[in-house]
Amino acid sequence: MNHETRRRMDQKIDNPTDRYSYITAPPRCIAICKYECENFEQKIGQKIFRLFKDEEGKNLITNWGKSCTKDREQLHFLLKRLLNGENQTQLEATGFTCHSNVYTDVCVSDRPVRIDTRTMKVYAPLSQGTPEANRTIVPYARKYDKNLLNASVSPVHILHGNITTPPACHFTHDVPAVVFSSGGFAGNIFHEFNEVIIPLFLTSRQFQSRLRFIVPDFRPEFVGKYNKILSHLSSYEVINPAANESVHCFPGVVVGLHYHDYLAINTTDVPEGYSMLDFKQFIRESFNLKIRDLSQMEEPVLVLISRPKTRSFLNENQMVTMMKELGFRVVIAKPDMMADLDKFAEVVNSCSVLVGAHGAGLTNEIFLPEGAVMVQVVGLGLNWPSDKYYGGPATEMGLNYIEYKIEPEESSLFSVYGRDHPVIIDPAAIEAEKGYQVARALYLIAQNFNIDVVRFRETLVKALGLLGHSASLG
């Protein structure tokens, strides 16, 4: 369906009490308000089909009652799948509930809601007699990071209960809304996938593109960068609240996104049944990536993540020479190449080995074919995040993971502090005694690497073996 059709479907009903008001809709989109059929019938006092004309101006006469009930049941089923236990019970009883954990809040309503994008207030009426209550959540899957949320993520205010004077609808939609923020760590691909893209897949994939995103803290560069993913999850244009100050009516809403773990999906967590292999298949479809696994590849191709500022390879040229001598075709991925995600996804998908120091660039392992090898260079003080952020997730993506832990002499910190300094021999103690910010400044910001090429060669020979190749004799 094109944007013009969507625009027509979303246009305003200027006078909803007028018995002869019409809204243009394509013939197969029978009832834009089908989830609120009864409400519209009460307001207008006539058969619902009197509201609609097709694109040729002919009245649409439909048996909307049965489909309306069926659609509501389907919506309820899909929204209920986002919950478990007591939350499912509460949704059944009241039509509204919120799931919370240390990472995220997710609030769900399976009854008609109104969302005022001017104030980012969600009006979620409940049954008569239910007391009015407020709830404020930040729709970003990192709620424990209060400083980040206060600086870059706008809250959403949910008013639920017996609301006496909700604002009038300007736009009425026949699909539910999902509300999430694109704020947070702007421009960092790890955080964008970890806190937005994977949670968005988890929360919205089951709706089969029949939902609409509302994105507070709207960043055009984010929407442009991930347009292929967003358009694969939703058939509708993203709503930017700052540019669309009006009241939107939806048959249901999800505020916030489900989160499982770092670059991870747990098949037994809500919503059940998805895995990282499912997510990778979704990514291949979204970016139209051709290579699923190594059986479709012949020569070994290695992509090296080249970091120019922090955790950089000081002897990168020597490393590349050695890689070529082993028989790899080498792609050096510098920041300007990685900036175009659409093109770089294709580059990584054509490679059988990805090599890089611990850092956001390793998130691109998502685009590797199944059976490929990810080699992570682990610097001093970086054992835990290296394993948690990239190493563990790699295996769940169907990849082979090899860890190259540097020797102290390979770190640039060695020449600054010497062999016996606590910075070198006990990074954990440094963080415990001086705090995360000091440890971050040392191990993430100040540290670079002078890789022992002979020792690292052994790691790449192992990678070749996992691919079914042997090292070149040349």
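These are my notebook entries on the cysteines and the aromatic rings of a predicted model.

**Entry 1, disulfides.** I began with the cysteines, keeping in mind that a disulfide is a covalent bond between the sulfur atoms of two cysteines. My search of the model gave 2 disulfides. When I numbered the bonded cysteines of the protein chain in sequence order, the pairing read 1-2, 3-4.

**Entry 2, Cys98 and Cys107.** I looked up the disulfide formed by Cys98 and Cys107, and I noted that their sulfur atoms lie 2.0 Å apart. I then checked the torsion about the S-S bond of Cys98 and Cys107, which is about 105°, so I wrote this disulfide down as right-handed. Turning to accessibility, I found that Cys98 and Cys107 are both buried.

**Entry 3, Cys169 and Cys249.** Next I followed the disulfide that joins Cys169 to Cys249, where the distance from S to S is 1.7 Å. The torsion about the S-S bond of Cys169 and Cys249 is about -85°, so I entered this disulfide as left-handed. I located Cys169 in the loop between strand 8 (156-161) and strand 9 (171-172), and Cys249 in strand 12 (residues 247-250), so the pair ties together parts that are 80 residues apart in sequence. I also asked myself whether each partner is buried or exposed. Cys169 has 22% relative accessibility and therefore counts as partly exposed, whereas Cys249, at 0%, counts as buried.

**Entry 4, Cys351.** I looked up Cys351 as well, and I recorded that Cys351 is buried, because its relative accessible area is 0%.

**Entry 5, aromatic pairs.** I then moved on to the aromatic rings, for which the count came to 20 aromatic pairs. One of them is formed by Phe180 and Phe213, an edge-to-face pair with 5.6 Å from centre to centre and 80° between the planes. I traced both residues along the chain and saw that this pair links distant parts, with Phe180 in the loop between strand 10 (177-179) and helix 6 (189-204) and Phe213 in strand 11 (residues 212-214), 33 residues apart. For accessibility I noted that Phe180 and Phe213 are both buried.

**Entry 6, Trp384 and Tyr389.** I also examined the pair of Trp384 and Tyr389, which is edge-to-face, with 5.8 Å from centre to centre and 75° between the planes. Trp384 has a relative accessible area of 52%, and I therefore listed Trp384 as exposed.

**Entry 7, a cluster of rings.** Which residues do ring pairs link into a cluster? I wrote down Phe193, Phe201, Phe222, Tyr226, Tyr274, Phe279, Phe282, Phe287 and Phe367.

Note on methods
Residues numbered from 1 in each chain as written. Predicted model: local features only at pLDDT ≥ 70, side-chain atom pairs only at ≥ 80, totals over all residues. Heavy atoms only, no water. Disulfide = S-S within 2.5 Å. Buried < 20%, exposed > 50% of the residue type's maximum accessible area, 1.4 Å probe, protein only. Helix = DSSP H or I, 4+ residues; strand = E, 2+ residues; numbered from the N terminus. Phe/Tyr/Trp six-rings, centres within 6.5 Å; stacked < 30°, edge-to-face > 60°.
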